[in-house]
Amino acid sequence: MIEVSLPMAEIESRATQLGLDLNLLDTITLPPGEDCGIPSDDEYEMCQEDTMEFEYGFGNIVVVDSLPVVFPEKFEKLERVIRKYFGQIGCIKEENGFWMPVNPETEKTLGYCFIEYNTPQEAELARERLNGYKLDRNHSFVVNFFDELDRFMKVPEEWAPLETKPYAPGVHLHQWLTDKKARDQFVIRAGSETEVSWNDPRLLRHEPVYHRNFWTESFVQWSPFGTYLATIHRQGAAVWGGAAGFNRLMHYAHPEVKLIDFSPGEKYLVTYSSHEPSNPRDTHRVLLNIFDVRTGKVMIDFKGSADEFATGGTGGVSGVSWPVFRWGGGKDDKYFAMIGKNVISVYETETFTLIDKKSLEVENVMDFSWSPTDPIIALFVPELGGGNQPARVSLVQIPGKDELRQKSLFSVSDCKMYWQSNGDYLAVKVDRYTKTKKSTFTGFELFRLKERNIPIEVLELENKNDKIIAFSWEPKCHRFAVIHGDGDSPRPDISFYSMGAAHNMGRVSKLATLKGKQANALYWSPFGRFIILAGLKGFNGQLEFYNVDNLETMATGEHFMATDIEWDPSGRYVATYVTSVHEMENGFNIWAFNGKLLYRIPRDHLYQFLWRPRPPSLLSAHKVEEIAKNLKKYAEKYESEDQDVSILLSEQDRENRKMLQKEWDGWNKRWRQMHEEEKMDRMILRDGYQSDVEQEEYEAKEVGVEELLEVSEEIIVPLE
């Protein structure tokens, strides 16, 4: 925190105008300036201006008007009510944080009060949430910033029309989607450098778009639709985008931010800081903020200890699960929820309050997940009472909190839930104890959410001793893949299943099993059909490109020491890369979907490789079907372009060979010339002996040498 003192003349002037007690203004505490991070290059002056402008003023004080006028005996009751409402928004300062003036003659309150928060963000949230809030039948809060009172008091007596400003086009945030070559972008972070590039597979290279040193202090992250690129800084997070390069669009003040997360519809940004407060008694430190991405406003914040967010989830920083909030309701960002002790707290983004003003109480709940498309929560509760009460998986409809389906599970060791991308199916992987409880076996409970009464099927592996190494749904489809083995085998099996088609009356069935594969990870193409069976870590980057429609291998390859694999949004290309987890072989390879290696780019100290996501297609299902039927007609244009590119590459190759030949001829000519110029010097060094004799003075002779290699005897019997 920064303590600044304004000129006393300015303080006295404002206090006199408003009848404000000067004791309230002894010290004004303001948060750090809203800097975007490291002031580098053209940002330095801008950051300096932002800081200086932010340090002056009373941005953390609000004036609450239209309060009841009461006598002294009701003063404390009114104060408690006001503190109750405004204390829920943020932390009101303990000393002189609340002041309600009183008329000295009548001893009644004047109908307004002053509230001082710790930060301007809390004051802004208070005005946004409580301005116009109905206190009782006759009174509604009127909330304004203290800084605005000067503007209110300087309103001109005569009305003047507002100045009409000419229209200025906004920033084109989706410019990259208009690329004539229909290419995709990716961002890499290597060392201190961050670079955004086009993937240009036709020319077998990448084309840099934007490059910057020290752009972020920890990592970068694309928003779900690729509109923004987020960077992390000491003062908070920032998002970048636009047509001409990457401009800073907004910054979000949250000191020492460690993690960020976009909502699925990229309307909101969640930021998290985990550092411990310098004062152990400070339990009001903001750990989580949810910002409106476009405006930068804090919609809601969460204070307390990091331990409160350390339950459940998939892991994070310092033991804190991440993401803390899980979003539901599809891409409308309508709901978000977090798990707590015996509760799941579900909020709606329309008011950023708990649904029905209370959490969903579920005793001993361990995990939950949202349907990707519908407001449905799947939750898991382990066994209770030493097995007297079975474990269960429940499907709960939001906002009504009605239980749609429940499945009881017995002898459960562990449970994982996997949603299909369209929300049509939910696979629950259940590890169960054997009767002796000395070992476990695995099975699947498969929920069909789009069918009447949500039927459930049970799938067990043929070999019950097999362990599940990996599971993955095919995007937008009914198939899934499982890697399974007995745990000791270095070559597990891979099985493909279908949730139903015409040939099996809509029941789960096995399509094929691939025996003995060097794979421990599954990577489906974003549009399904193709999958990469990858052997990472102990398998040193073994790759198998597999066509699930035809159940055949298209190609095999290897990217030695590969740590990660990522498909591009189109499903046409895939990147394999080695990050700085390994000291050697850092860089990335770009492959075609069928396993053809297109090009390699080595980059030392590679930390991140991220394809830029694309927003959902605006084409209707009918239009997509029409394009699929007439694909050959559309393909003619691109085949012609591919042929032109192929000719261009051939011309470039020929030109490159000509250039190399020309360089060789030039070097050979210069060498001969130099050799001729130094002929006399060589004769002097050899006492007049001419070593550069013509070839005719020598006589070449061929000498033959015979060598006995082997002697063998064989008796030949004459024919009778």
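**Notebook: salt bridges, rings and backbone**

I started with E445, which is buried, with a relative accessible area of 3%. I note here that the model is predicted. The label follows from the cut-off, because buried means under 20% relative accessible area.

**Entry 1: K407 and E445**

I looked for the salt-bridge partner of E445 and found K407, with the closest N and O atoms 3.9 Å apart. K407 sits in strand β26 and E445 in strand β29 (residues 440-448), so this salt bridge ties together parts that are 38 residues apart in sequence. I checked the cover of K407 as well: its relative accessibility is 26%, so K407 counts as partly exposed. E445, at 3%, is the buried partner in my notes.

**Entry 2: the salt bridges of D549**

I then asked how many salt bridges there are by this rule. The count comes to 28. I picked out D549, which I found in a salt bridge with R479, the closest N and O atoms being 2.8 Å apart. The two residues are 70 residues apart and link distant parts of the chain: D549 is in the loop between β37 (542-547) and β38 (552-558), while R479 is in strand β32 (residues 479-485). Is R479 buried or exposed? R479 has 11% relative accessibility and so counts as buried. D549 has a relative accessible area of 43% and is partly exposed.

I also found the side chain of D549 in a salt bridge with that of R529, at 3.3 Å from N to O. R529 is in the loop between β35 (521-524) and β36 (530-535) and D549 in the loop between β37 and β38, so the pair ties together parts that are 20 residues apart in sequence. For R529 I read a relative accessible area of 37%, which makes this residue partly exposed.

I looked for shared partners next, and salt bridges of that kind join D179, K181, R183, D200 and E207 into one network.

**Entry 3: a charged patch**

I searched the surface for charge and noted a patch of negative charge where E676, E677, E678 and D681 gather. I took E677 for a closer look and placed it in helix α7 (residues 631-677). E677 is exposed, with a relative accessible area of 56%. That fits the cut-off, because exposed means over 50%.

**Entry 4: aromatic rings**

My search of the whole structure for aromatic pairs gives 41. In the pair F86 and F141, the ring centres are 5.2 Å apart and the planes stand at 65 degrees, so I logged the pair as edge-to-face. F86 belongs to helix α3 and F141 to the loop between α4 (120-130) and β6 (142-145), so the pair ties together parts that are 55 residues apart in sequence. F86 and F141 are both buried.

I logged W473 and F480 as edge-to-face too, because their ring centres are 5.1 Å apart and their planes are at 70 degrees. The reasoning rests on the cut-off, because planes over 60 degrees apart count as edge-to-face. W473 counts as buried at 8% relative accessibility. F480 is buried, and I read 0% for its relative accessible area.

Which residues do ring pairs link into a cluster? I listed Y268, F302, F325, W327, F336, Y347 and F352.

**Entry 5: backbone**

I went through the backbone for exceptions, because most residues other than glycine have a negative phi, and most peptide bonds are trans.

The peptide bond from I398 to P399 is cis, and I noted omega near 15 degrees. P399 is in the loop between β25 (391-397) and β26 (402-409).

S66 is not a glycine, yet I read a positive phi near 65 degrees. I placed S66 in the loop between β3 (61-65) and α3 (75-87). The relative accessible area of S66 is 29%, so I entered this residue as partly exposed.

F214 is also not a glycine and has a positive phi, about 50 degrees. I located F214 in the loop between β9 (205-213) and β10 (220-222). F214 counts as partly exposed at 49% relative accessibility.

Key: Residues are numbered from 1 along each chain as its sequence is written. This is a predicted model: local features need pLDDT of at least 70, side-chain atom pairs count only at pLDDT 80 or more; totals for chains, interfaces and linings use all residues. Side-chain values use heavy atoms; hydrogens and water are left out. Helices (H or I, at least four residues) and strands (E, at least two) are DSSP runs, numbered from the N terminus. Buried means under 20% relative accessible area, exposed over 50%, partly exposed in between (1.4 Å probe, protein chains only). A salt bridge is a side-chain nitrogen of Lys or Arg within 4 Å of a carboxyl oxygen of Asp or Glu. Patches are made of residues with over 30% relative accessible area and no salt bridge: like charges are joined within 9 Å, nonpolar side chains (Val, Leu, Ile, Met, Phe, Trp, Tyr) within 5 Å. Accessible areas come from the Shrake-Rupley method with a 1.4 Å probe; for residues, only the protein chains shown count as cover. Lys and Arg count as positive and Asp and Glu as negative; His and the chain ends are not counted. The place of a charge is taken as NZ of Lys, CZ of Arg, CG of Asp or CD of Glu. Rings of Phe, Tyr and Trp (its six-membered ring) pair if their centres lie within 6.5 Å; planes under 30 degrees apart count as stacked, over 60 as edge-to-face and the rest as tilted.
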